[in-house]
Amino acid sequence: MNPHLCPDLEVLFTELEAGEGPALDHAAECAACAAVLEEHRLMEQDLYRLADPLPPPTLVASVMARVSAEPVPRRREVWSGLAILLTSMLGGLGYLVMSDQALGRLGTGLASVLVQGRPFIEGVLSGAHALWSTAGLTVACSLAFLLLTSLYGLKRLVGNGPTPSEA
């Protein structure tokens, strides 16, 4: 390479990455190209030092402790739930009012439930009567067990919330 004609920077950096080439040989003899390579090396060092720091290992535990120390008031949860419920109901009502097909399908579905629902309910009640008359104590114990385990499970899900006297 001509000592007075410096290579293009792209070629110089490509050969620097490869580790060999005539542009690197030129940079060994040319002070301007050597200065560019040194500046590039220093900039890479600075960029490697600018890595994002890792969060402290106790971050999750401290955040969770703070969240549990300041629980959301139940009143706010109830109002949020009611707002979501009302918004959903208004959206569904708006859809029914705006769409004739949806309103027609709703009416047809309700009529079908009324017509076919009565035999279904009579069948369920007849089956419950047959069960009760043949195994009344067993059915009562099974239902009581189901109710108690459900209530216990709900209590476990809620956790150690306020007792009814505190609420």
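Arginine 41 and glutamate 38 sit three residues apart in helix H3, so about one helical turn separates them. Helices here are DSSP runs (H or I, at least four residues), strands are runs of E with at least two residues, and both are numbered from the N terminus. These two residues form a salt bridge, with their closest N and O atoms 2.3 Å apart. The term salt bridge is used for a side-chain nitrogen of Lys or Arg within 4 Å of a carboxyl oxygen of Asp or Glu. Arginine 41 is partly exposed, with a relative accessible area of 36%, and glutamate 38 is partly exposed as well, at 35%. For these words, buried means under 20% relative accessible area, exposed means over 50%, and partly exposed lies in between (1.4 Å probe, protein chains only).

Before we go on, a word about what you are looking at. This is a predicted model, in which local features need pLDDT of at least 70 and side-chain atom pairs count only at pLDDT 80 or more, while totals for chains, interfaces and linings use all residues. Residues are numbered from 1 along each chain as its sequence is written, and side-chain values use heavy atoms, with hydrogens and water left out.

How many salt bridges are there by this rule? The count comes to two. Besides the pair we have met, glutamate 122 forms a salt bridge with arginine 118, and here the closest N and O atoms are 3.1 Å apart. These partners are four residues apart in helix H6 (residues 100-158), so again about one helical turn lies between them. Glutamate 122 is partly exposed, with a relative accessible area of 45%, whereas arginine 118 is exposed, at 59%.

Let's stay in helix H6 for a moment. Leucine 125 is found in this helix and is exposed, with a relative accessible area of 55%. From leucine 125 to cysteine 141 there are 16 residues in sequence and 19 Å in space, C-alpha to C-alpha. Alanine 102 also has its place in H6, but alanine 102 is buried, with a relative accessible area of 8%. Leaving aside neighbours within four places in sequence, alanine 102 is in contact with Tyr95 and Leu96, where contact means heavy atoms within 4.5 Å.

Now step back and take in the whole protein. It has six helices and zero strands, so reading along the sequence gives the pattern α-α-α-α-α-α. The radius of gyration is 38 Å, well over the 15 Å that the globule rule gives for 167 residues, so the protein is more spread out than a compact globule. That radius is taken over C-alpha atoms, and the globule rule is 2.2 Å times the number of residues to the power 0.38. Along the principal axes, the C-alpha atoms fill a box of roughly 110 × 50 × 35 Å. Buried residues make up 9% of the 167 residues. Among contacts with a separation of 6 or more, 28% are between residues 24 or more positions apart.

Where, then, do nonpolar residues gather? The largest nonpolar core has seven residues: Leu12, Ala23, Leu24, Ala27, Cys30, Cys33 and Leu37. A nonpolar core is a set of buried Ala, Val, Leu, Ile, Met, Phe, Trp, Tyr and Cys residues joined through side-chain atoms within 4.5 Å. Helix H2 (22-29) and helix H3 (31-49) are the elements that give two or more residues to this core, and the largest share, three residues, comes from H2.

Two cysteines of this core deserve a visit. Cysteine 30 lies in the loop between H2 and H3 and is buried, with a relative accessible area of 12%. The C-alpha atoms of cysteine 30 and leucine 5 are separated by 9.8 Å, although the two residues are 25 residues apart along the chain. Cysteine 33, leaving aside its neighbours within four places in sequence, is in contact with Cys6, Pro7, Leu12, His26 and Ala27.

Our last stop is glutamate 15, in helix H1 (residues 9-18). Glutamate 15 is buried yet has no salt bridge, and the nearest side chain of opposite charge, arginine 41, is 17 Å away. In this scheme Lys and Arg count as positive and Asp and Glu as negative, while His and the chain ends are not counted. What lies 3.3 Å from a polar atom of the glutamate 15 side chain? The backbone nitrogen of leucine 24 does. Leaving aside neighbours within four places in sequence, glutamate 15 is in contact with Glu20, Gly21, Pro22, Ala23 and Leu24.

Terms used
Polar contact = N/O pair within 3.5 Å; in protein donor to acceptor, adjacent residues only side chain to side chain.
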